[in-house]
Amino acid sequence: MNKTLRIGTRASALAMAQSSRVAEELEKAGCQTQLVTVSTPGDRSMAPIAEIGVGVFTSALREALAVGEVDVAVHSYKDLPTEPDPRLSLAAVPVREDPRDALVARDGLTLGELPPGSVLGTGSPRRASQLRALGLGLEVRSIRGNVDTRMRKVTDGELDAVVLARAGLARVGRLEVITETLDPLQMLPAPAQGALAVECRVDDVDTEHLLQSVLDDQASRAAVAAERAMLAALEAGCSAPVGALAEVVDDLDEDGRVALRLSVRGVVATDDDQLVRASITGETTAAERLGRELAAQLLEARAALLSGPGSS
């Protein structure tokens, strides 16, 4: 491919770091690239994501791609609406960063070391509900802003700690600020957290093939497909209190041979921060079906919880 690939990206430090990595991989494969910044409503508003809507960081990028202003769009996969855009193709899901959440706390403290009454900031209802369910007596406060803005609230003493995506800190070279990486047993990440989605126009077959051959990782794609299918089946937007984590794991088949399987865990919160958990394991080729089946388990368990003794 002789043309320069115009890669659409948001202008934030994290988005630029993510898109630059994609550009580097493509340039190693012999492509010329150019980063093109696109302003999104999410960059221009400090309102909670739940108020300004799903797709707030991705719609403008997708529009620029659809009308031909850019050839490729790079998104944080968890920001994409679950409904596909028929104009576009998900050409690649690169190797996923560590999807876990990370604590950045004053004085190097871990979550269990924060005294009751400590103020912890997050912009995520998913994180907030799981933190409250731990019963540590923390005050969870809603915040917005980029990575540096959130961490500054800790160093300035406004907050005792914040919870951020570990992948975002990794991509901007700030892993040293993490005081604890949270075990998924404590907090399941957002569906597709740590993964990138690289899109092109559905009719741009050459670019699609290029992106797929250079960037796509099948294990990452399968894991994220299961998590996103669970989210879609729960009919939950990106800001809903839903967590999921799918991993390709070694398992034994009927003949005792090692086979790769997809293990998927999910959690959904009730309005009063009770958590319902479920898990499922199956073939890596059945990722979306596993996600839907897990969602059905969660919905059934949630309904049973809400209709049980003591429910209002």
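# Strand S8, Thr-9 and the S11-S12-S13 sheet

Colleague: In which sense do strand S6 (residues 119-122) and S8 pair?
Modeller: Helices (H or I, at least four residues) and strands (E, at least two) are DSSP runs numbered from the N terminus; two strands pair if DSSP finds at least two bridges between them. S6 and S8 share 2 bridges, and Gly-121 has Val-162 in S8 as its bridge partner. The sense is parallel.

Colleague: What kind of model is this?
Modeller: Residues are numbered from 1 along each chain as its sequence is written, and side-chain values use heavy atoms, without hydrogens or water. Local features need pLDDT of at least 70 and side-chain atom pairs 80 or more, while totals for chains, interfaces and linings use all residues; the model is predicted.

Colleague: How many residues of S8 (residues 161-165) are buried?
Modeller: Buried means under 20% relative accessible area, exposed over 50%, partly exposed in between (1.4 Å probe, protein chains only). Ala-161, Val-163 and Ala-165 are covered on one side, Val-162 and Leu-164 on the other. The count is 5 of 5.

Colleague: Is Thr-9 buried or exposed?
Modeller: Thr-9 belongs to strand S1 (residues 4-9). Beyond four places in sequence, its contacts (heavy atoms within 4.5 Å) include Met-16, Val-38 and Leu-61. Because its relative accessibility is 0%, Thr-9 counts as buried.

Colleague: Which strands stand at the edges of the sheet S11-S12-S13?
Modeller: This open sheet of 3 strands has antiparallel pairing. Each edge strand has a single partner, so one side lacks a neighbour in the sheet; the edge strands are S11 (242-252) and S13 (275-283).
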